[in-house]
Amino acid sequence: MIVESAREDDLEALLYLYRELSSHDERPADPAPIWAKLLACEQTQVLVGRLGDSVVATCMLTIVPNLTRRGRSYSVIENVVTRADHRGQGLGRALLATAVERAWAADCYKVCLSTGRPETVAFYEACGFAANTKDFLEIRRP
């Protein structure tokens with residue numbers, strides 16, 4: 001698998017993967033403008049894992065500027081998904097390893113991710129992430 005930054009023509013493949021990530025999540029009426037914003041955003045990288053011409057995995061890495069920790073940024077990984085028929089082959093682990101390497105290359109002092117799926121915690125721990133080092137809280141818009 002080759003891990004690289006997503007290209008403009010990857011939108012449909014990513015939307016397919018995102019349906020696997022969250023089948024109940026509604027797709028934007030017009031995702032193209034959002035996709036253009038993501039591709040133009042200097043702090044965000046949408047990474048894809050390719051096998052041949054197929055996008056089989058993805059995650060989004062955002063580097064967040066920071067005024068603490070001597071000004072070192074931190075990063076957040078979101079939307080991690082591997083195509084269902086390619087899971088268990090180490091592709092997600094390779095994708096996350098690339099995301100973490102890019103965060104370290106940007107001099108981030110930490111990399112964060114969260115999951116709403118208890119069954120994925122062991123996978124993330126096997127990739128080097130530690131659960132329960134901090135509490136993650138969120139509030140969602142009603």
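## Exercises on a predicted model

In this predicted model, I63 has S75 as its bridge partner, and S75 belongs to strand 4. The exercises below start from that pair.

**Exercise 1.** Find how many bridges join strand 3 to strand 4, and state in which sense the two strands run.

*Solution.* Begin with the pair already named, in which I63 is bridged to S75 in strand 4. Then count along the two strands: seven bridges join strand 3 to strand 4, and the two run antiparallel.

**Exercise 2.** Place the strands in their sheet, and explain why strand 1 and strand 5 stand at the edges.

*Solution.* First write down the order, which is 1-2-3-4-5 for the five strands of an open sheet with mixed pairing. Next look at the ends of that order: strand 1 (2-5) and strand 5 (111-113) each have a single partner strand, so one side of each has no neighbour in the sheet. Finally, describe the twist, which averages 25° from one strand to the next.

**Exercise 3.** Determine which strands helix 1 and helix 3 lie across, and give one angle for each helix.

*Solution.* Take helix 1 (residues 11-21), which lies across strand 2 (44-51), strand 3 and strand 4, and runs at about 85° to strand 4. Then take helix 3 (residues 91-105), which lies across strand 1, strand 2, strand 3, strand 4 and strand 5, and runs at about 25° to strand 3.

**Exercise 4.** Locate R70 and N79, and describe the phi angle and the exposure of each.

*Solution.* Start with R70, which is found in the loop between strand 3 (54-64) and strand 4 (74-82). The phi of R70 is near 55°, a positive value in a residue other than glycine, and R70 is exposed, with a relative accessible area of 78%. Turn next to N79, which lies in strand 4. The phi of N79 is likewise positive, near 55°, in a residue other than glycine, while a relative accessibility of 26% makes N79 partly exposed.

**Exercise 5.** State how many disulfides a search of the whole structure finds, and examine C41 and C127.

*Solution.* The search finds zero disulfides. For C41, the closest cysteine sulfur is that of C108, and because the two sulfurs are 13 Å apart, they are too far from each other for a bond. For C127, the nearest cysteine sulfur is that of C59, at 10 Å, and C127 is in no disulfide. As a last step, compare accessibility: C41 counts as partly exposed at 28%, and C127 counts as partly exposed at 22%.

Conventions: Residues numbered from 1 in each chain as written. Predicted model: local features only at pLDDT ≥ 70, side-chain atom pairs only at ≥ 80, totals over all residues. Heavy atoms only, no water. Helix = DSSP H or I, 4+ residues; strand = E, 2+ residues; numbered from the N terminus. Buried < 20%, exposed > 50% of the residue type's maximum accessible area, 1.4 Å probe, protein only. Disulfide = S-S within 2.5 Å. Pairing = 2+ DSSP bridges. Axes fitted to C-alpha atoms, helices over the stretch in contact; angles between N-to-C directions. Contact = heavy atoms within 4.5 Å.
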